[in-house]
Amino acid sequence: MAFRKFRAKQLFNGYSLMDTDQVLITLPDGTIEGIVPLAAAGDDIELLDGLLTPGLINSHCHLELSHLKNVIPPHTGLVEFLCSVVTKRGFEPALIREEIEKAALEMYENGIVAVGDICNTTDAIPVKRSGRMRWQNFIEVLSFTDAKAAESMAHYHAVLNAHNEVLVPPHRNVLTPHAPYSVSATSFAMLNEITAGKIISIHNQEHPAEDELYKTGGGAYLKLFKIFGVTTSPFAVTGKSSLQSYLPHFKNGQTILLVHNTYMPEEDIAFANDYATNNGLKLVYCFCPNANSYIENRLPAVERFMAMDCQMVLGTDSYSSNWQLSIAKEIQTIHENFPAIPLSTILQWATSNAANAFHWDDDLGSFEKGKQPGVTLLSNDLGSSKRII
């Protein structure tokens, strides 16, 4: 039987960095045979310059916004950014499809093997049919008022059904809440019922105005609501943070990706972790540092989450909010800004942690015999990556 053999300057197996004299052996289709010492590997070893890792997983992306690349300037702040995303319309469908195809190909060539993708429309379905990458499609529900909850849910169910007709396992499709400032209490209750036992996501505490909305009923999000014809906050004033106000809606065994967390304080992390433990939920904290830099010129306090034993993964967000769709760049940004965090830990977030979060760890995330996780090469400076298998 023919094998492919790879040796790089560094080898990461999904859990730890290994000695430099180790060789990765795969079948031609990428199935992992094993990792052996150089002395036992024999001939025909492919020498690679960089860090060899299992295929990368992008845990948070908005592929269908790829046509907004370079349209919204950086550092506008989140509320202005959201207003721009909502109001910058009028793009030709052919252009939207072309940019989606280009962005998906970029991720594939960069060694990304699976994506947690936010979907508001069916625009990205055709490119996802190719089977090149695995997709967890989050059909994102926006429903500002209780009065519109049933109507909004019917609309997003139609989008979900369109995905289910085409994107079958191993792909997955699920309804998911957009954010605390865009989903009413009745809508949250409906989502809790229909997502029992499923993996969902929510944009969490990207801006201080999110907490202000629930604590006082005011703040910068009122400007966003006006675009949708909502003149006052439709959300009950709880006097608590947004996280402490919405998370208790969920109690049906969901895995919930909390995305961004740029302004999440320690007391909310503690509340979230305690609530999840006591109510049968699993929380995963997803960080998109380059998007946070692009929008808010700020990074989340990543080390705080580590200290509180949070499961962490990485995403790119969209081309409306990032310079590239590269998990390598996200790894590089965290490595440069948080040098005390071991590189092997950050690499886990992009591989085995993400595979575990999405229940893909039977096949992806690590170099273990029989798996087909993909093989990706990171550059020595961690700033770029490419698919090997």
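**Sheets, helix H10 and internal spaces**

Strands E6, E7, E8 and E9, in that order, make up an open sheet of 4 strands with parallel pairing. The edges of this sheet are strand E6, residues 56–61, and strand E9, residues 172–177, each of which pairs on one side only. From one strand to the next, the twist averages 15°. The model described here is a predicted one.

Within the sheet, strand E8 covers residues 134–141 and runs parallel to E9, to which 6 bridges join it. One residue pair can be named at this junction: Gln 136 has Arg 172 in E9 as its bridge partner. Helix H5, made up of residues 185–194, lies across E8 and E9 and runs at about 155° to E9.

A further open sheet, also described as having 4 strands, has the order E10-E11-E12-E13 with parallel pairing. Strand E10 (199–204) and strand E13 (312–314) each have a single partner strand, so one side of each has no neighbour in the sheet. The twist in this sheet averages 30° from one strand to the next. Strand E12, residues 282–287, pairs with E13 in the parallel sense over 3 bridges. In this pairing, Tyr 285 has Met 312 of E13 as its bridge partner.

Helix H10 was examined in more detail. The helix is mostly covered, with 8 of its 8 residues buried. The buried residues are Pro 289, Asn 290, Ala 291, Asn 292, Ser 293, Tyr 294, Ile 295 and Glu 296. These buried residues of H10 pack against H1, strand E11 (255–260), E12 and helix H12 (327–337). Thus two of the packing partners, E11 and E12, belong to the sheet with the order E10-E11-E12-E13. Asn 297 follows H10 and has a positive phi, near 55°.

Ser 293 serves as an example from this helix. The residue is found in H10, which spans residues 289–296. Ser 293 counts as buried because its relative accessible area is 16%, and the cut-off for a buried residue is under 20%. With neighbours within four places in sequence left aside, Ser 293 is in contact with His 75, Arg 298, Leu 299 and Trp 323. Ser 293 and Thr 333 are 40 residues apart along the chain, and their C-alpha atoms are separated by 9.9 Å.

H10 also takes part in enclosing an internal space. The count of cavities of 30 Å³ or more comes to 1. The largest cavity has a volume of about 40 Å³. Its lining consists of Leu 78, Glu 206, Thr 262, Ala 291, Asn 292, Ile 295 and Glu 296. H10 gives the most to this lining, with 4 residues. By class, the residues lining the largest cavity are 3 nonpolar, 2 polar and 2 charged. Among the lining residues are Ala 291, Asn 292, Ile 295 and Glu 296, and these residues of H10 are buried. In general, residues three or four places apart in an α-helix point the same way, because the helix has 3.6 residues a turn.

Open spaces were considered next. The largest pocket holds about 900 Å³ of space. This pocket is lined by 40 residues, and those closest to its centre are Val 85, Val 86, Arg 89, Asn 120 and Leu 142. Two or more residues of the lining come from each of helix H1 (78–87) and helix H4 (149–166). H1 gives the most to the lining of the largest pocket, with 5 residues. The lining of this pocket divides into 17 nonpolar, 15 polar and 8 charged residues. H1 is also one of the elements against which the buried residues of H10 pack.

The second largest pocket has a volume of about 320 Å³. The lining of this pocket comprises 17 residues, and Val 113, Arg 132, Leu 364, Gln 372 and Arg 387 lie nearest its centre. The classes represented in the lining of the second largest pocket are 7 nonpolar, 5 polar and 5 charged residues.

Definitions and conventions:
Residues are numbered from 1 along each chain as its sequence is written. This is a predicted model: local features need pLDDT of at least 70, side-chain atom pairs count only at pLDDT 80 or more; totals for chains, interfaces and linings use all residues. Side-chain values use heavy atoms; hydrogens and water are left out. Two strands pair if DSSP finds at least two bridges between them. Axes are lines fitted to C-alpha atoms, for helices over the stretch in contact, and angles run from 0 to 180 degrees between N-to-C directions. Contact means heavy atoms within 4.5 Å. Buried means under 20% relative accessible area, exposed over 50%, partly exposed in between (1.4 Å probe, protein chains only). On a 1 Å grid over the protein atoms alone, a cavity is a set of points where a 1.4 Å probe fits but cannot get out, and a pocket is an open set with protein on both sides within 12 Å along at least five of seven lines; lining residues have an atom within 4 Å of a point. Grid points are joined across faces, edges and corners, and a volume is the space filled by probe spheres set on the points. Ala, Val, Leu, Ile, Met, Phe, Trp, Tyr, Cys and Pro count as nonpolar, Asp, Glu, Lys and Arg as charged, and the others, Gly among them, as polar.
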